[in-house]
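Student: I've got a model open and I'd like to test the labels people put on it. Can we take them one at a time, value against cut-off?

Tutor: Sure, here it is.

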Amino acid sequence: ALTLVALASTAVAFTPLAPSATRSSVRVADAVTEPEVPTPVEPEAPPAPIVNMINGWAPDAAQPCFGLPGAVAPLGFFDPVGFTKDAELLKVKRLREAEVMHSRVAMMAVVGYLVGENTPTITYGFDTPTIANNQLAEAPGTVLFTFFLFINLSEAFRAAKGWVEPGLGPLFTLRENYYPGDLGFDPFGLKPTTASEFSSMQTKELSNGRLAMLAVAGMCVQELLNGKPVLADLPF
C-alpha cells in the first residue's frame with residue numbers, strides 16, 4: 001500500500017510540468033520557424049547617357065536636326081525635300097557643315113561680284129564696270145595659282161580640324177567634338193560665350209548665307225542672260 005501511495009504521489013507531482021514544457025517548446029519553435037519578411041528594394045534608375053555639349057548645344061533626337069539652330073520664322077524648320085528625315089546625327093552634322101561652308105562662300109561671292117565689277121583691279125585697271133562671270137577665266141596664271149593655293153590650304157585646315165582621318169573611321173565623318181562650321185578662326189573675338197547668344201549668331205549667319213546663295217545664283221544667271229554687270233541696270 002505504501003508503494004502505491006508513493007507512486008501516485010510521484011505521478012501527481014510530475015503531472016503539471018508537461019504543459020509548461022510544451023508551451024516553451026512551441027514558443028521556441030515559433031521563434032525559429034517564422035521567416036523574416038525582406039524589405040522591397042526599388043531598382044536603381046539607369047545612369048543618364050553622357051552627352052558632350054559643344055558651344056552650348058547637345059544633340060536632341062526629339063527636335064528637328066537634333067536641335068541645331070537655323071529654324072527661322074515664318075517658315076520655321078523648312079525641309080520640303082526631306083534631306084534630314086530619319087537621318088542619323090552624323091549625316092545631319094555633315095549637311096549642316098556643307099550649308100555653313102556654302103553660306104560663307106556665297107557671302108564672299110556677293111561681295112566679290114559687287115566690288116570686283118565696280119572698283120579698279122590689277123587685271124582690268126580702271127576699265128569698270130566689267131562682268132564678274134568672265135574675270136576668273138581672264139585672270140593671269142599667277143593670280144589663279146595664288147587663288148587656288150589659298151583654297152587648298154583652307155580646305156586642308158578644315159579637314160584636319162573637323163573630319164575623321166581616312167582609315168580611322170567611316171569616310172565623310174565629322175569628329176564627335178566638332179561643331180559644324182566652328183573652325184576656331186575668330187581673329188576679332190566675335191564668337192559669343194553663352195549658348196543662347198551663340199545660337200542666335202549661328203541663326204543669323206545661316207539666314208544671311210541662305211540669302212547670299214540665292215543672290216549670287218541670281219547674279220550669275222543675270223549676267224549670263226544679258227551680258228551686263230549686276231548694277232548696270234540700276235537707274236542711278
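Student: Why is Phe-66 called buried?

Tutor: This is a predicted model, so everything we say is computed from its atoms. Phe-66 has a relative accessible area of 14%. Buried means under 20%, so Phe-66 counts as buried.

Student: Where is Phe-66, and which residues is Phe-66 in contact with?

Tutor: Phe-66 sits in the loop between α2 (17-33) and α3 (89-118). Leaving aside neighbours within four places in sequence, the contacts of Phe-66 include Trp-57, Pro-59, Ala-87, Leu-89 and Val-92. Take Val-92: along the chain Phe-66 and Val-92 are 26 residues apart, while their C-alpha atoms are separated by 7.9 Å.

Student: What makes Phe-66 part of a nonpolar core?

Tutor: A core takes buried residues of certain nonpolar types, joined through side-chain atoms within 4.5 Å. Phe-66 belongs to the largest such core, which has nine residues: Ile-54, Trp-57, Cys-65, Phe-66, Leu-68, Ala-87, Val-92, Tyr-179 and Phe-198. There is also a second, separate core of eight residues, including Val-110, Tyr-113, Ala-132 and Val-230. In soluble globular proteins, nonpolar side chains tend to be buried together.

Student: Cys-65 is in that list too. How do you know that Cys-65 counts as buried?

Tutor: Its relative accessibility is 16%. The cut-off is under 20%, so Cys-65 counts as buried. Cys-65 is in the loop between α2 and α3, and has a positive phi of about 55° although it is not a glycine.

Student: Is Asp-86 buried or exposed?

Tutor: Exposed: its relative accessible area is 76%, and the label needs over 50%. Asp-86 also has a positive phi of about 55° without being a glycine, and its place is in the loop between α2 and α3.

Student: What kind of peptide bond joins Ala-73 and Pro-74?

Tutor: A cis one, with omega at about 5°. Pro-74 is again in the loop between α2 and α3.

Student: On to the helices. How many are there?

Tutor: The chain has six helices and zero strands. Of its 236 residues, 21% count as buried.

Student: How do you know that the span of α3 agrees with what a helix should give?

Tutor: Count 1.5 Å a residue, using one less than the number of residues. For the 30 residues of α3 that should span 44 Å; the end C-alpha atoms are 44 Å apart, so the two values agree.

Student: Which elements do the buried residues of α3 pack against?

Tutor: They pack against α4 (135-138), α5 (141-162) and α6. Among the buried residues of α3 are Val-92, Arg-96, Glu-97, Val-100, Met-101, Val-110 and Tyr-113.

Student: Why is Gln-202 called buried?

Tutor: Gln-202 has a relative accessible area of 4%, and the label asks for under 20%, so Gln-202 is buried. Gln-202 is found in helix α6. Leaving aside neighbours within four places in sequence, Gln-202 is in contact with Pro-69, Val-100, Tyr-179 and Pro-180. Tyr-179, from the largest core, touches Ile-54, Trp-57, Leu-68 and Phe-198 as well, among others.

Student: And what makes Gly-181 buried?

Tutor: Its relative accessible area is 6%; set against under 20%, that means Gly-181 is buried. Gly-181 lies in the loop between α5 and α6. Not counting residues up to four places away in sequence, Gly-181 touches Glu-97, Val-100, Met-101 and Arg-104. Gly-181 and Arg-96 are 85 residues apart in sequence, and 7.9 Å apart in space, C-alpha to C-alpha.

Student: Arg-96 brings me to the second largest pocket. Which residues lie nearest its centre?

Tutor: Gly-70, Phe-78, Arg-96, Glu-99 and Arg-210, out of 29 lining residues. The volume of this pocket is about 870 Å³.

Student: Which element supplies the largest share of the lining?

Tutor: That's α3, with six residues. Both α3 and α6 (195-226) each supply at least two.

Student: How does the lining of the second largest pocket divide by residue type?

Tutor: Into 20 nonpolar, five polar and four charged residues. Watch the bookkeeping on Gly-70, one of those nearest the centre: glycine counts as polar here.

Technical notes
Residues numbered from 1 in each chain as written. Predicted model: local features only at pLDDT ≥ 70, side-chain atom pairs only at ≥ 80, totals over all residues. Heavy atoms only, no water. Buried < 20%, exposed > 50% of the residue type's maximum accessible area, 1.4 Å probe, protein only. Contact = heavy atoms within 4.5 Å. Helix = DSSP H or I, 4+ residues; strand = E, 2+ residues; numbered from the N terminus. 1 Å grid on protein atoms, 1.4 Å probe; cavity = no way out; pocket = protein on both sides within 12 Å on 5 of 7 lines; lining within 4 Å. Points joined across faces, edges and corners; volume = space filled by probe spheres on them.
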